[in-house]
Amino acid sequence: MAYRMLALLLCALLLGMTACETNEETYNPPHYPSNFSINPNGSNLQMYDARVIGIGNVFYVDDQTIFYQNSKLMRRDLNGITYFQIVPDSMNCSALIVDKTAQLLYFIGNGDLYRCGFWGENLTNLTPQNSKTLAEPQRPGNGRYITMVGRVGYVAGIITNYDLETGELTEYFELPRAWEAFYNQEHNSFIYQDRTEIRKIDANGENLSTLLATPYQVYDLQQSFDDRYIFIRVSPQAYYSGAFWVYDHDQQSMASLGNSSAYTLAENRNMVYAVRGDSDWSQLVRINMDTGWSDVIFDGIWDNFRMNGASFLKIRSDEGRIYVKARFIKDDKGLVQ
């Protein structure tokens, strides 16, 4: 009898859950994921844009070309459904750098730095003598150096520079280990991530300083095309809104840019696009670092919903379009007017 009663109770619970799931008046999910795209000036908002690819490392070049890297390196056009795999099946890829001018791709494959053309032609291992696992390649402004960290296992690595002109790979053994590093050729110094701290050190090992110490892990570091700025987003979790900072090499100063859940940089000028705000209400803004002005290009309001963060934000290389994977919630606080 007890088992029969328990079975009846379970059936009742299941029926109740099903009824709640099919009753739109009583079941309102707290978050609604939605992909959208928008022009950088705020015009032509397109909700549910299927061209938004929120996986891996994505680089939108123009209307005809998009690259993305997960474990492999793929290419497709923005409106297409056919994917072209650029690398062999045996290669495990991480990170991606796109040189639009030279029509070249740089990426980490099986722990080495590789280069190839936009269709995978002339695939070349640039670091065949490397004995470590290279990671986190950075090349601001398509400059002379690609900065990486060389790891043995999943630990902090040795800061490493690859010279694209000479083919020389330089490991800075005298420097502290890092999880990610950025080189500034003008100042001959590195800014690097040490888990919850951002530090700066000269390439000769002198003048070590802490630029930012945080209670949380640092996510999403990027360097401006002209090497002047380092952008830093700090968050308790990867896709949550957190503190957004910028370090200015010229002024040698750190400044707050508010709270942000995602941001992206223009390729050839110091313009930053960020989803800025908190869990109640986020907006898409643009910030001109050279002049200091900022404005809202999308107020986050759509129908009876408001944006409360984003997990993905990318601007096209030609600045023709911004692609966003965001979260929306119903406006239960009367913010929509």
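The dialogue below walks through strands, aromatic rings and one buried aspartate in a predicted model.

Colleague: Where should I begin with strand 4, and how many of its residues are buried?

Modeller: In a regular strand, side chains alternate between the two faces of the sheet. Strand 4 covers residues 65-69, and 5 of its 5 residues are buried. On one side these are Thr65, Phe67 and Gln69, and on the other Ile66 and Tyr68, so that both faces of the strand are covered.

Colleague: Which strands are joined to strand 4 by bridges, and do they run parallel or antiparallel?

Modeller: Strand 3 is joined to strand 4 by 5 bridges, and the two run antiparallel; they form a hairpin with 2 residues between them. One of the partnerships sets Asn57 against Gln69 of strand 4. Strand 5, residues 73-76, is joined to strand 4 by 4 bridges and again the pair runs antiparallel, forming a hairpin with 3 residues between the strands. Here Tyr68 stands opposite Met74 of strand 5.

Colleague: How many aromatic pairs does the structure hold?

Modeller: A pair of aromatic rings is described by the distance of the centres and the angle of the planes. The structure holds 18 aromatic pairs, including a stacked one between Tyr60 and Tyr323, with 4.2 Å centre to centre and 20° between the planes. Because Tyr60 lies in strand 3 (residues 57-62) and Tyr323 in strand 28 (residues 322-330), this pair ties together parts that are 263 residues apart in sequence. Both Tyr60 and Tyr323 are buried.

Colleague: Which residues form an aromatic cluster, and which residue lies over the face of Trp119?

Modeller: Phe36, Tyr48, Phe298, Trp302, Phe305 and Phe328 form one aromatic cluster. As for the tryptophan, Arg75 lies over the face of Trp119, at 3.6 Å from the ring centre, while Arg195 lies over the face of Trp179, at 4.0 Å from the ring centre.

Colleague: Let us end with Asp202: is this residue buried or exposed?

Modeller: Asp202, which has its place in strand 17 (residues 197-202), counts as buried because its relative accessibility is 18%, and the cut-off for buried is under 20%.

Colleague: Which residues does Asp202 touch, leaving aside those up to four places away in sequence?

Modeller: Asp202 touches Leu175, Asn188, Ser189 and Asn207. With Asn207 there is a polar contact between the two side chains, at 2.5 Å. Leu175 is 27 residues from Asp202 in sequence, yet their C-alpha atoms are 8.8 Å apart in space.

Conventions. Residues numbered from 1 in each chain as written. Predicted model: local features only at pLDDT ≥ 70, side-chain atom pairs only at ≥ 80, totals over all residues. Heavy atoms only, no water. Buried < 20%, exposed > 50% of the residue type's maximum accessible area, 1.4 Å probe, protein only. Contact = heavy atoms within 4.5 Å. Polar contact = N/O pair within 3.5 Å; in protein donor to acceptor, adjacent residues only side chain to side chain. Phe/Tyr/Trp six-rings, centres within 6.5 Å; stacked < 30°, edge-to-face > 60°. Lys NZ or Arg CZ within 6 Å of the ring centre and 35° of its normal. Pairing = 2+ DSSP bridges.
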